[in-house]
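Got the model open in your viewer? Here is a short tour, one selection at a time, with a note on what you should find at each stop.

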Amino acid sequence: MWLVECPSFWDQGLVRPLVTESGAVVLRCDSCEAVWRTLADFEEQEHVEPDEPDWLVGAGVHVRPGTFRWAAQPDVEAAGLGSLRWRALP
Ligand SMILES: [Zn+2]
């Protein structure tokens with residue numbers, strides 16, 4: 001599932017919900033890998049670019065490779081994002 005196209009003008013990725021190891025749901029572009037910690041951060045264009053070795057997104061939240069998975073409908077509902085207009089991947 002995805003929400004919108006990546007806001008970066010040079011990128012054609014999709015912004016998708018992701019479940020981190022801590023259980024926090026964040027938004028991540030599947031192309032440029034920018035991360036928005038919350039919907040409010042996304043709306044304010046406050047992205048982060050997690051990088052090795054810590055891959056930190058915020059306090060206690062990271063996107064280290066192999067530790068996260070793309071979210072499904074129950075995940076976004078649990079995170080309070082269920083009412084957004086999620087779209088199915090092609
Ligand atoms: Zn992107």
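## First stop: Arg-16

Select Arg-16: its relative accessibility is 13%, so it counts as buried. Keep in mind as you go that this is a predicted model.

Now add Asp-30 to the selection. The side chains of Arg-16 and Asp-30 meet in a salt bridge, with N to O at 3.9 Å. Arg-16 sits in strand β2 (residues 14-19), while Asp-30 belongs to the loop between β3 (25-29) and β4 (35-36), so this pair ties together parts that lie 14 residues apart in sequence. Unlike its buried partner, Asp-30 is partly exposed, at 33% relative accessibility.

## Widen out to β2

Select residues 14-19 to see the whole of β2. How many of its residues are buried? The count is 6 of 6, and the strand is mostly covered.

Turn on the side chains here. In a regular strand they alternate between the two faces of the sheet. In β2, Leu-14, Arg-16 and Leu-18 point one way, Val-15, Pro-17 and Val-19 point the other way, and all are buried.

Next, look for the strands that pair with β2:

- Strand β1 (residues 4-5) runs antiparallel to β2 and is joined to it by 2 bridges. Select Val-4 and you'll find it opposite Val-15.
- Strand β7 (residues 69-70) also pairs with β2 in the antiparallel sense, over 2 bridges. Pick Val-19 here: its bridge partner in β7 is Arg-69.
- β3 pairs with β2 in the antiparallel sense too, over 5 bridges. Stay on Val-19, because your next move follows it across: its bridge partner in β3 is Val-25.## Across the hairpin to β3

Between β2 and β3, select the turn. The two strands form a hairpin with 5 residues between them, and Gly-23 in that turn has a positive phi of about 100°.

Then move on to residues 25-29, which make up β3. Is this strand enclosed or open? Here 5 of the 5 residues are buried, so β3 is largely enclosed by the rest of the structure. Both of its faces are covered: Val-25, Leu-27 and Cys-29 lie on one side, with Val-26 and Arg-28 on the other.

Click on Leu-27 and look over to β4, where its bridge partner is Trp-36. β3 and β4 pair in the antiparallel sense over 2 bridges. Their hairpin has 5 residues between the strands, and Glu-33 there takes a positive phi near 70°.

## Two more salt bridges

Keep Glu-33 selected and add Arg-28. These two form a salt bridge, with the closest N and O atoms 3.6 Å apart. Check the surroundings of each partner: Arg-28 is buried, with a relative accessible area of 6%, whereas Glu-33 is partly exposed at 41%.

Now jump back to Arg-69, the residue you met as a bridge partner of Val-19. Its side chain meets that of Asp-75 in a salt bridge, at 2.9 Å from N to O. Which partner is buried this time? Asp-75 is, at 15% relative accessibility, while Arg-69 is partly exposed, with a relative accessible area of 44%. The structure holds 4 salt bridges in total, and this tour visits the ones at Arg-16, Arg-28 and Arg-69.

## Last stop: His-62

Finish at His-62, in strand β6 (residues 61-62). This histidine is buried, with a relative accessible area of 11%.

What does its side chain make a polar contact with? Show Glu-21 and you'll see: the two side chains make that contact at 3.0 Å. Then show the backbone of Arg-64, whose nitrogen lies 3.1 Å from a polar atom of the His-62 side chain.

To round off the view, display the residues that His-62 touches beyond four places away in sequence. Among them are Thr-20, Asp-54, Trp-55 and Leu-56, along with Val-57 and Thr-67. Glu-21, the polar partner from a moment ago, is on that list as well.

Methods:
Residues numbered from 1 in each chain as written. Predicted model: local features only at pLDDT ≥ 70, side-chain atom pairs only at ≥ 80, totals over all residues. Heavy atoms only, no water. Helix = DSSP H or I, 4+ residues; strand = E, 2+ residues; numbered from the N terminus. Buried < 20%, exposed > 50% of the residue type's maximum accessible area, 1.4 Å probe, protein only. Polar contact = N/O pair within 3.5 Å; in protein donor to acceptor, adjacent residues only side chain to side chain. Contact = heavy atoms within 4.5 Å. Pairing = 2+ DSSP bridges.
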